[in-house]
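Thanks for coming. I will take a few minutes on one structure, which is on the screen now.

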Amino acid sequence: MCEKYKEIKERFGQNWLPGYSAAAFTTYRAGGPFEALVTPAARYDLAWLRAFCARNDIPFRVLGAGSNVLVSDKGLKGVTAVTSKLDKVRISGHTIEAEAGALWDDVARISVENSLGGLEKTSGIPGTAGGAVFMNAGAFGQEIFDALESFETMDSTGYVKTLRKAGVKYGYRKVEGIEGLIILSAVFNLQAGDRKGLLIERNRVLAQRAEKQPLEYPSAGSVFKRPPGDFAARLIDAAGLKGLRVGDAEVSRKHAGFIINLGNATASDIYALMQNVRAEVKDKAGVDLEPEQLLLGDFE
Ligand SMILES: Cc1cc2nc3c(=O)[nH]c(=O)nc-3n(C[C@H](O)[C@H](O)[C@H](O)COP(=O)(O)OP(=O)(O)OC[C@H]3O[C@@H](n4cnc5c(N)ncnc54)[C@H](O)[C@@H]3O)c2cc1C
């Protein structure tokens, strides 16, 4: 083992997972090994880790549930911190505070069960609260930033700062000015609602997802952002690309906006298929689709 990682290993013990593969961790079930995967169980451990990596010039990144990323087959150098053990959710009056690693659907479910409206349509998004805030995830016309009040961030020195929504520029699946910051937690301000009605809405949304999306296969959700005035899935379908394959990566026949892993797709297969779809849609419809999913590592 590389000398520089000894200190991390000693500090994190069983929360240090060297050589763990992206194929086991990400929802695409594809990609190579993380040089060092760490699951800090306390925010001071995360602060220590972030500062240690900065001091020692070790590449550092944070991941939630790995449901919006494609990791290269060559793997990822440096340290990847996964927030899964920082997952507390607290509720007080009309406010919910979620730690970054809380599963987003747990946050949505808890809000509904407590008769609080504002997040019910985001039910079923399979990421974490940190990942959802990072890219302003959303569904069925509701976005995470609609109900967001503020979120706590930590920089590479361990300095913690609360950012209020009013001071942040955000839009459709993007939040500006937070690159390099770790999101520690987020506070949502919700409205009192009718529990039964909210539960019906949540169940309607979950049923629609199961009906329309290929949830029976590994994927990372919609590959491309919605282009202005249209839908990526409609354009891909109109270009006749449903069922197009590279290796075991396939444009879903159920939902053309998804690329699914039929079993043994590599990240290179998925990446090549993304490029093919983009080129075909550009050629046939003149629209340059912008990826929603994030490519991590080397794809050249
Ligand atoms: C079946 C399926 C359906 C989906 N449906 C939707 C949908 O309806 N709407 C939608 O918006 N998305 C959807 N997605 C995509 C994905 O679930 C969301 O983008 C989700 O918010 C990603 O969260 P994550 O924790 O998995 O992030 P990851 O994939 O782990 O990370 C994504 C990015 O967020 C950053 N990040 C994660 N946590 C933190 C943190 N604590 N601090 C700083 N940065 C962080 C990472 O560095 C990375 O750059 C779907 C995915 C799947 C597989």
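The ligand lies between domain 1, residues 3–82, and domain 2, residues 89–212, because both domains give residues to the shell around it. Keep in mind that this is a predicted model.

Let me stay with that shell. The ligand is surrounded by 32 residues. Gly64, Gly127, Gly130, Gly131 and Gly221 are the closest. Which elements give two or more residues to the shell? They are β3, α5 at 129–134, β9 at 138–139 and β15 at 182–189. Of these, α5 provides the largest share, four residues. By character, the shell residues split into 17 nonpolar, 14 polar and one charged.

Now to the sheet that β3 belongs to. This is an open sheet of four strands with mixed pairing, and the order is β1-β2-β5-β3. Which strands stand at the edges? They are β1, residues 16–18, and β3, residues 60–63. Each has a single partner strand, so one side of each has no neighbour in the sheet. On average, and ignoring direction, neighbouring strands here are turned by 25° against each other.

Inside that order, β2, residues 34–38, pairs with β5, residues 76–82. The pairing is parallel and runs over four bridges. Within this pair, Ala36 stands opposite Val79 in β5.

One helix to finish. Helix α3, residues 43–55, lies across β2, β3 and β5. Relative to β5, α3 runs at about 160°.

So β3 has come up twice: as an edge strand of the sheet, and as one of the elements giving two or more residues to the shell around the ligand.

Notes
Residues numbered from 1 in each chain as written. Predicted model: local features only at pLDDT ≥ 70, side-chain atom pairs only at ≥ 80, totals over all residues. Pairing = 2+ DSSP bridges. Axes fitted to C-alpha atoms, helices over the stretch in contact; angles between N-to-C directions. Contact = placed C-beta atoms within 7 Å. Near = placed C-beta within 6 Å. Nonpolar A, V, L, I, M, F, W, Y, C, P; charged D, E, K, R; others polar. Domains from an automatic or database assignment.
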